[in-house]
Amino acid sequence: MTSVYNHKVHCRQALIGGNYALLTTTTFVPNPDYYGALLWHRVMGSKVISVTHKGSPYLRVYSHCAKKEPGVSFVFINLSKNTSFEIDLFHDLNLNGGSPNFEFKGHKKREEYHLTPKDGNILSSIVLLNETPLELSDSLEIPALKPKLVDGLKPISIAAHSIAFVTIRDFNAPACS
């Protein structure tokens, strides 16, 4: 949101300590926010793309050029505890007719990373990535963060109280060239 005002960098207030640190203070095990920050770093590029959404005030959407390879990455944040959303980019982007300043083919599979709280409890210390718990390995390694590959023409399902990172490789925006 601050990129609209030409901010170039955002820093977390606390790496360790405080009420929303990325790591627990006693064991240094990642808190759920750590994985959201890590996915942002890996998926979202530095070029911001303006995106608007006129639906529910509980759904936030942000977009950047994809970090690696061509494409556009979106992050959807669902603040609602009861409502899930279906986003149909292929049809919604073409509602106005006219000539948009982008090309979206939808032929390639898109990459989706869905972060949800374990058992739906937003206070859980365990976050799920595509329904799999993110926990350190026995050797204390960060787990692999692998996307779910989804047909590019299907709607994007955003569960209640979740964050979804979505990269579309055959979405060509001039800002990303």
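Rings of Phe, Tyr and Trp pair if their centres lie within 6.5 Å. The views below come from a predicted model.

**Figure 1. An aromatic cluster of F74, F76 and F171**. These residues, F74, F76 and F171, form one cluster. The ring centres of F74 and F76 are 5.9 Å apart, and the planes stand at 20 degrees, so this pair is stacked. Planes under 30 degrees apart count as stacked. Both F74 and F76 are buried. In the chain, the count of aromatic pairs comes to four.

**Figure 2. Y34 and Y35, an edge-to-face pair**. Their ring centres lie 5.4 Å apart. The planes meet at 90 degrees, so the pair is edge-to-face. Burial of the two residues is as follows. Y34 is partly exposed, at 21% relative accessibility. Y35 is buried, with a relative accessible area of 2%.

**Figure 3. The largest nonpolar core, of 17 residues**. F74, F76, I87, I156 and I158 touch the most other members. Strands β2 (59–66), β3 (72–78), β4 (85–87), β10 (156–158) and β11 (162–168) each give two or more residues to this core. Another core, of 14 residues, lies apart from it. Among the residues of that second core are Y35, L134, L145 and F165. In soluble globular proteins, nonpolar side chains tend to be buried together.

**Figure 4. The surroundings of I156**. Neighbours within four places in sequence are left aside here. I156 is then in contact with F76, F85, E86, I87, L89, R110, E112 and V166. I156 is one of the residues that touch the most other members of the largest nonpolar core. Two of its contacts, R110 and E112, return in the next view.

**Figure 5. A buried charged pair, R110 and E112**. The side chains of R110 and E112 meet in a salt bridge, at 2.4 Å from N to O. R110 is buried, with a relative accessible area of 2%. E112 also counts as buried, at 2% relative accessibility. The side chain of E112 makes a polar contact with the side chain of H114 as well (2.6 Å). Side chains of opposite charge can pair when their charged atoms come close.

**Figure 6. H114 in strand β6**. Strand β6 covers residues 110–117. H114 is buried, with a relative accessible area of 10%. Leaving aside neighbours within four places in sequence, H114 is in contact with L128, L129, N130, K148, S157, I163 and A164.

**Figure 7. The salt bridge between R169 and E111**. The side chains meet at 3.1 Å, N to O. R169 lies in the loop between β11 and β12 (171–172), and E111 in strand β6, so the pair ties together parts that are 58 residues apart in sequence. Both R169 and E111 are buried. The salt bridge count comes to two.

**Figure 8. S46 in strand β1**. Strand β1 covers residues 44–49. S46 counts as exposed, at 73% relative accessibility. The C-alpha atoms of S46 and A66 are separated by 8.3 Å. Along the chain, S46 and A66 are 20 residues apart.

**Figure 9. The chain as a setting for the close-ups.** The secondary structure comes to two helices and 12 strands. Buried residues make up 38% of the 177 residues. Among contacts with a separation of 6 or more, 60% join residues 24 or more positions apart. The accessible surface is about 11300 Å², and 54% of that surface belongs to carbon and sulfur atoms.

Notes
Residues are numbered from 1 along each chain as its sequence is written. This is a predicted model: local features need pLDDT of at least 70, side-chain atom pairs count only at pLDDT 80 or more; totals for chains, interfaces and linings use all residues. Side-chain values use heavy atoms; hydrogens and water are left out. Helices (H or I, at least four residues) and strands (E, at least two) are DSSP runs, numbered from the N terminus. Buried means under 20% relative accessible area, exposed over 50%, partly exposed in between (1.4 Å probe, protein chains only). Contact means heavy atoms within 4.5 Å. Accessible areas come from the Shrake-Rupley method with a 1.4 Å probe; for residues, only the protein chains shown count as cover. A polar contact is a pair of N or O atoms within 3.5 Å; within protein, one must be able to donate a hydrogen and the other to accept it, and residues adjacent in sequence count only if both atoms are side-chain atoms. A nonpolar core is a set of buried Ala, Val, Leu, Ile, Met, Phe, Trp, Tyr and Cys residues joined through side-chain atoms within 4.5 Å. A salt bridge is a side-chain nitrogen of Lys or Arg within 4 Å of a carboxyl oxygen of Asp or Glu. Rings of Phe, Tyr and Trp (its six-membered ring) pair if their centres lie within 6.5 Å; planes under 30 degrees apart count as stacked, over 60 as edge-to-face and the rest as tilted.
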